[in-house]
Structures are given as structure tokens and as C-alpha cells.
Amino acid sequence: MTTSKLAPAPRGTARSGTLMTISAMLFVQLGLALSTGLFEQLGPLGTGWIRLVFAAALVLVIVRPRRSWFTRSSFLACVVLGAATSGMTLLFTLAIDRIPLGTAAALEFLGPLAVAVLRSRGRALLWPLIAAVGVVLLTEPWTGNIDPLGVLYALAAAACWAVYILCTQRVGDELSGVRGLAVSIPVAAVIASLIAAPSTIPLLTWEAALAGLGLAVLLPTVPFMLEIQALRRITAAAYGTLTSLEPAVALVIGLLLLHQVPGILPVVGLALVIAAGIGVERSAGRAAPPSAPTPGDPGSSAGEAALERGELRTGEPA
């Protein structure tokens, strides 16, 4: 949702960048839908935990962090980012255990929408009203069919996503490239382990562990790489507008894989939330601070810098 004035590097075409962004969204929602297959064996918290643990291992192998990269301030910012990432992951898995994937994705999307609105002015302040109407139509509280606890979990995940965006921007101002992930993802895994590991480890089997590894590759590793490449080909504003469509992607994946058939009013509500996201994306923005590569660092691409400023979701969450 957050944007900057970063221009894409002259690599590839806007069409390929668009396809990469859409593919990343598909991988994210596909990973979330497939995660529900482990709920019966490991539970929602256990499923979120195993995904984070393997994601942390993959990030450590790929990024290979060094102590010299971090100051005390940047390290603490990465720790807070990890806490927000853990909250997003665990709360969202709890949400999709109780409410449809598309509804949960639209509710969670209110987090970045709120951040963008708070940074906007003028007409952008009208978009929250549209989003609020969309939420009411999505949840249809008058029917009593929506699980209120599932809604609360999704809204709590939205709050964590808002914190996540603010933290990634702080980390991106102090660190180049994707170095912050080398701390934030392992921290997220540690926090999740404290919450879910004691009850989940006795339930683990080799099959469940392999499934968790596959999910960690599917979400966030593949989307992460696709999004970096996408921002080298399209502007951050175009990327933000495209990702506003993610609740619709979640609805389609939920329909095809989980057989979650929405009613007419929820579809209209989801469309309003998406419209609000696109509208505020066109109104909000954040100027990119100058990048200051550390000694010995050859510098990072526009896409990598955008990642650390929160213009990429490293996986719902990574």
C-alpha cells in the first residue's frame, strides 16, 4: 500500500512486472489456502509456526547476515518488525480457520489501507467510508452467520500489518537491500515458537514437516523473489495499485480450492474494499529517503530498497 517515487530500473517491461506481481499474489493466496490442509493435524497456530520456522531457515541461508550490518537502532527495529510479522502470520491463520479466505484477506487489508489514509489528505479521507461499507457487506452482521472471533482475528492481523509497514519503512531507512529480513523473520519464528511449539511438536510427523517446508517455499520465498523483480520493472505506485486487488485473488482461490462460495453482498463489499484501496493508493505516497550503502556494499536495486521500505509484502507475512 505504501508508495514512493522510486522509478523502476530499465529492465524488462511493464507487462512482465505486472505478471510477476500477479503471480506473487497468486502464490501468497495459494500458500494460505494450502495451509488449511495442515489445520486438522497441527492446528492454525502450529501451521503458522512451522511455516515461519522453515521460512527463517531459508532466509538465513539465502541472506547470510553479518553482525557488522546492524546498529543497535536498526537491530531493534528489525526485532519489532519480527514481532509484527509473527502476529500477522499467527492471527491470520487463526482467522482463516473460522472465516472465508476472501473475507479474511479483505479485513486484513484494512491495515495498510489505514496507514495510507493517515498519510493522505483531501479526497483520500473519503475512502475509509467506502471501505467501512464494504466491511459491513462482507461480514453481514445482521445474519449472524459470520464468526465474530474470526473477524477479530483478521482485524488484529490488520493492525499487525499496519505496524509491519511502519517498521519496514524504518528498517529500510537504516539498512540497504534485504538485510532486515535476516533478523525479522528469525525473530518472528522465535516468537511463534514460544506460542505454538510446545503444543505442536508432539503432533509433528515427517509428512507434516515436509508440507511445512513446501509452504515456506511457496510463501514467502517465491513471492518475495517475484516482487523484487517486479519492482525493477514497474513503478511502486503501479505495484501498490495491483496489490490492492489481492482480496479478489483471495476470494477466487478460496472459491476454487476451498469451495467457499460468497454471496452477492460479500462480493459487493469486497469490491468496495478493493476500490478504496486503489483510490487511496492514487492519493497517498511517501518520498523515498536516499539510500546509504554500507562500506563494502555495492548498493541495492530500486526493487530491493522498496522491499525494505514496506512496498513489498514478504509473505503474508514472511
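A contact here means heavy atoms within 4.5 Å. With that cut-off, the long-range character of this predicted model can be stated: of the contacts in the protein chain between residues at least 6 apart in sequence, 90% join residues at least 24 apart. The chain has 13 helices and zero strands. Two residues other than glycine, E140 and H259, carry a positive phi.

**Fold**
- Helix follows helix along the sequence, in the pattern α-α-α-α-α-α-α-α-α-α-α-α-α.
- Zero strands accompany the 13 helices of the protein chain.

**Burial and surface**
- The protein chain has 318 residues, and 54% of them count as buried.
- Its accessible surface comes to about 13600 Å².
- Carbon and sulfur atoms account for 69% of that surface.

**Backbone: positive phi**
- Most residues other than glycine have a negative phi.
- E140 has a positive phi of about 45° and is not a glycine.
- The loop between α6 (127-139) and α7 (148-174) holds E140.
- H259 also has a positive phi, near 55°, and is a residue other than glycine.
- The loop that holds H259 runs between α11 (246-257) and α12 (264-283).

**Exposure of H259**
- The relative accessible area of H259 is 63%.
- Exposed means over 50% relative accessible area, so H259 counts as exposed at 63%.

Technical notes. Residues are numbered from 1 along each chain as its sequence is written. This is a predicted model: local features need pLDDT of at least 70, side-chain atom pairs count only at pLDDT 80 or more; totals for chains, interfaces and linings use all residues. Side-chain values use heavy atoms; hydrogens and water are left out. Helices (H or I, at least four residues) and strands (E, at least two) are DSSP runs, numbered from the N terminus. Buried means under 20% relative accessible area, exposed over 50%, partly exposed in between (1.4 Å probe, protein chains only). Accessible areas come from the Shrake-Rupley method with a 1.4 Å probe; for residues, only the protein chains shown count as cover.
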